[in-house]
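Biologist: I have a model open and would like to learn how to read its features. Could you take me through it, starting with the open spaces?

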Amino acid sequence: MAFTLYSLLQASLLIVNAVAVLHEERFLRHVGWGSDQGIGGFGEEPGIKAQLTNLIRSIRTVMRVPLIALNTITIVLLLLFG
């Protein structure tokens with residue numbers, strides 16, 4: 001398998017899929033990354049844990065519909081071109 005731009009895009013799609021399916025109550029809260037964790041005071045900058053949980057929540061919210069389209073396109077391309 002050659003390292004091509006398509007394989008790089010496919011790997012990034014798999015990573016975004018993995019982040020999108022992380023369930024907050026089932027997985028993230030058990031490892032200490034729930035939404036109630038990392039609440040800081042007013043004026044304090046959020047820590048790295050709070051920023052990563054916000055990133056995960058944003059990916060799940062924003063990328064839901066585009067991921068369906070991208071996964072469909074990827075599956076069709078793999079079926080057509082092997």
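Biologist: How much space lies in the largest pocket?

Modeller: Keep in mind that this is a predicted model. About 180 Å³ of space lies in that largest pocket.

Biologist: And which residues line the largest pocket?

Modeller: Here you look for residues with an atom within 4 Å of a pocket point. In this chain the lining is made of Tyr-6, Leu-9, Gln-10, Ser-12, Leu-13, Val-16, Leu-70, Ile-73, Thr-74 and Leu-77. Two elements give two or more residues each: helix H1 (5-20) and helix H4 (64-81). H1 supplies the largest share, 6 residues.

Biologist: How does that lining divide by class?

Modeller: There are 7 nonpolar and 3 polar residues, and no charged ones.

Biologist: Let's stay with H4. What span should H4 have, and how far apart are its end C-alpha atoms?

Modeller: The general idea is to take 1.5 Å times one less than the number of residues. H4 has 18 residues, so the expected span is 26 Å, and the end C-alpha atoms are indeed 26 Å apart, in agreement. Step just past H4 and you meet Gly-82, with a positive phi of about 75°.

Biologist: What about enclosed spaces? How many cavities of 30 Å³ or more does the structure hold?

Modeller: A cavity is a place where the probe fits but cannot get out. This structure holds 1 cavity of 30 Å³ or more, and about 30 Å³ of space lies in the largest cavity. Its lining consists of Glu-24, Leu-28, Trp-33, Thr-53, Ile-56, Arg-57 and Arg-60. The elements giving two or more residues to that lining are H2 and helix H3 (48-62), and H3 gives the most, with 4 residues.

Biologist: Which classes do the residues lining the largest cavity fall into?

Modeller: That lining has 3 nonpolar, 1 polar and 3 charged residues. Recall that the lining of the largest pocket has no charged residues.

Biologist: Since H3 came up, which residues of H3 are buried?

Modeller: For burial, you ask for a relative accessible area under 20%. In H3, Ala-50, Thr-53, Ile-56, Ile-59 and Arg-60 pass that test. The buried residues of H3 pack against H1, H2 and H4. You can run the span check on H3 as well: with 15 residues it should span 21 Å, and its end C-alpha atoms are 21 Å apart, so the two agree.

Biologist: Can you pick a residue on H1 and show me how to read its contacts?

Modeller: Try Val-19, which lies in helix H1. The trick is to set aside the neighbours within four places in sequence; that leaves Val-19 in contact with Ile-56, Ile-59 and Arg-60. Val-19 and Arg-60 are 41 residues apart in sequence, yet 7.4 Å apart in space, C-alpha to C-alpha.

Biologist: Where does Val-21 lie, and is Val-21 buried or exposed?

Modeller: Val-21 sits in the loop between H1 and helix H2 (24-28). Its relative accessible area is 65%, so it counts as exposed. From Val-21 to Arg-64 there are 43 residues in sequence and 9.8 Å in space, C-alpha to C-alpha.

Biologist: Now zoom out. How many helices and strands does the chain have?

Modeller: There are 4 helices and 0 strands, giving the pattern α-α-α-α along the sequence.

Biologist: What share of the chain is buried, and how much area does the chain expose?

Modeller: Buried residues make up 18% of the 82 residues. The chain exposes about 6500 Å², with carbon and sulfur atoms supplying 69% of that.

Biologist: And what share of the contacts with a separation of 6 or more comes from residues 24 or more positions apart?

Modeller: For this chain, that share is 66%. The pair Val-19 and Arg-60 is one in-contact example, with its 41 residues of sequence separation.

Terms used:
Residues are numbered from 1 along each chain as its sequence is written. This is a predicted model: local features need pLDDT of at least 70, side-chain atom pairs count only at pLDDT 80 or more; totals for chains, interfaces and linings use all residues. Side-chain values use heavy atoms; hydrogens and water are left out. On a 1 Å grid over the protein atoms alone, a cavity is a set of points where a 1.4 Å probe fits but cannot get out, and a pocket is an open set with protein on both sides within 12 Å along at least five of seven lines; lining residues have an atom within 4 Å of a point. Grid points are joined across faces, edges and corners, and a volume is the space filled by probe spheres set on the points. Ala, Val, Leu, Ile, Met, Phe, Trp, Tyr, Cys and Pro count as nonpolar, Asp, Glu, Lys and Arg as charged, and the others, Gly among them, as polar. Buried means under 20% relative accessible area, exposed over 50%, partly exposed in between (1.4 Å probe, protein chains only). Contact means heavy atoms within 4.5 Å. Accessible areas come from the Shrake-Rupley method with a 1.4 Å probe; for residues, only the protein chains shown count as cover.
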